Amino acid sequence: MDIIHVQNGIFDKYFSATEFFHINGKSYFIGISEDGSYRIYPIDKTGVILAKKIISEGKVETNIYDLNVIKDTYNGYIYLYIINSEQTLISLYTITDNLTLELSYSLRSNVPKVAGMFYIVNNNLFQYRQSSTTKAWEIHQFNINSQ
């Protein structure tokens, strides 16, 4: 495999968590800082982040331990889930059509040091989570049609 250097630069913020997502045929980069502030930038067809073109920015309610983008293929909604294991907080944001984040769910876990994920099957939102101390895990289902 060949490795080709594509781009470098300097942001004015350090993004402790980053993710890629794709909406309506376009690609985007989201970076979230340790203080919870985020920015969304477009990515062009060559894979380059258009770092001077901020699409949207705002703040999420928690510091980031883990994040991921999930798509509901049934209705086309795209979500960003964020886990903060120290605060045992799991948040699910809808990525809106104008590329801002709207908090859809915020869940406190009764298990410290929790890891987990959201996933969608047959238009139903599920959350898997597991305790790092007891190794116990569980799955919850949410009705996303009642938003």
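A polar contact is a pair of N or O atoms within 3.5 Å; inside a protein, one atom of the pair must be able to donate a hydrogen and the other to accept it. With that in hand, Ser56 is a handy place to start in this predicted model. The side chain of Ser56 comes to 2.3 Å from the backbone oxygen of Leu99, and that falls within the 3.5 Å allowed for a polar contact. Ser56 itself sits in strand S4. Its relative accessibility is 8%, so Ser56 counts as buried, the limit for that label being under 20%. Leaving aside residues up to four places away in sequence, Ser56 touches Tyr38, Arg39, Ile40, Leu99 and Thr100.

Leu99, the partner of Ser56, belongs to a turn. Strands S7 (residues 89–95) and S8 (residues 101–108) make a hairpin with five residues between them, and Leu99 in that turn has a positive phi of about 65°. The two strands of the hairpin run antiparallel and are joined by seven bridges. To pick out one spot along the pairing, Ile90 stands opposite Leu107 in S8.

Back to S4, which is part of a sheet. Four strands line up in the order S1-S2-S3-S4, forming an open sheet with antiparallel pairing. At the edges are S1 and S4, each of which pairs on one side only. Going from one strand to the next, the twist averages 20°. S1 and S2 run antiparallel, with eight bridges holding the pair together; here Thr18 stands opposite Gly31 in S2.

Strand S2 (residues 26–33) also carries Tyr28. Is Tyr28 buried or exposed? At 9% relative accessibility, Tyr28 counts as buried, because anything under 20% gets that label. Not counting residues up to four places away in sequence, Tyr28 touches Glu19, Phe20, Phe21, Ile23, Ile40, Tyr41, Pro42, Ile43, Ile55 and Leu99. Two of those names have come up already: Ile40 and Leu99 are also among the residues that Ser56 touches. Tyr28 and Leu50 are 22 residues apart along the chain, and their C-alpha atoms are separated by 9.3 Å.

Next come the charged side chains. How many salt bridges does the structure hold? There are two. In one of them, Arg39 pairs with Asp12, with 2.6 Å between the closest N and O atoms. This pair links distant parts of the chain, since Arg39 is in strand S3 (residues 37–43) and Asp12 is in the segment before strand S1 (15–23), 27 residues apart. The two partners sit in opposite kinds of surroundings: Arg39 is buried, at 10% relative accessibility, whereas Asp12 is exposed, with a relative accessible area of 62%. The cut-offs explain the labels, because buried means under 20% and exposed means over 50%.

Arg39 shows up in the other salt bridge too, where its side chain meets that of Glu57 at 3.2 Å, N to O. Again the link is between distant parts of the chain, with Arg39 in strand S3 and Glu57 in strand S4 (residues 56–59), 18 residues apart. Which residues end up in one network? Through salt bridges that share partners, Asp12, Arg39 and Glu57 are joined together. Arg39 also ties back to the starting point, as one of the residues touched by Ser56.

Conventions:
Residues numbered from 1 in each chain as written. Predicted model: local features only at pLDDT ≥ 70, side-chain atom pairs only at ≥ 80, totals over all residues. Heavy atoms only, no water. Salt bridge = Lys/Arg side-chain N within 4 Å of Asp/Glu carboxyl O. Buried < 20%, exposed > 50% of the residue type's maximum accessible area, 1.4 Å probe, protein only. Pairing = 2+ DSSP bridges. Contact = heavy atoms within 4.5 Å. Axes fitted to C-alpha atoms, helices over the stretch in contact; angles between N-to-C directions.
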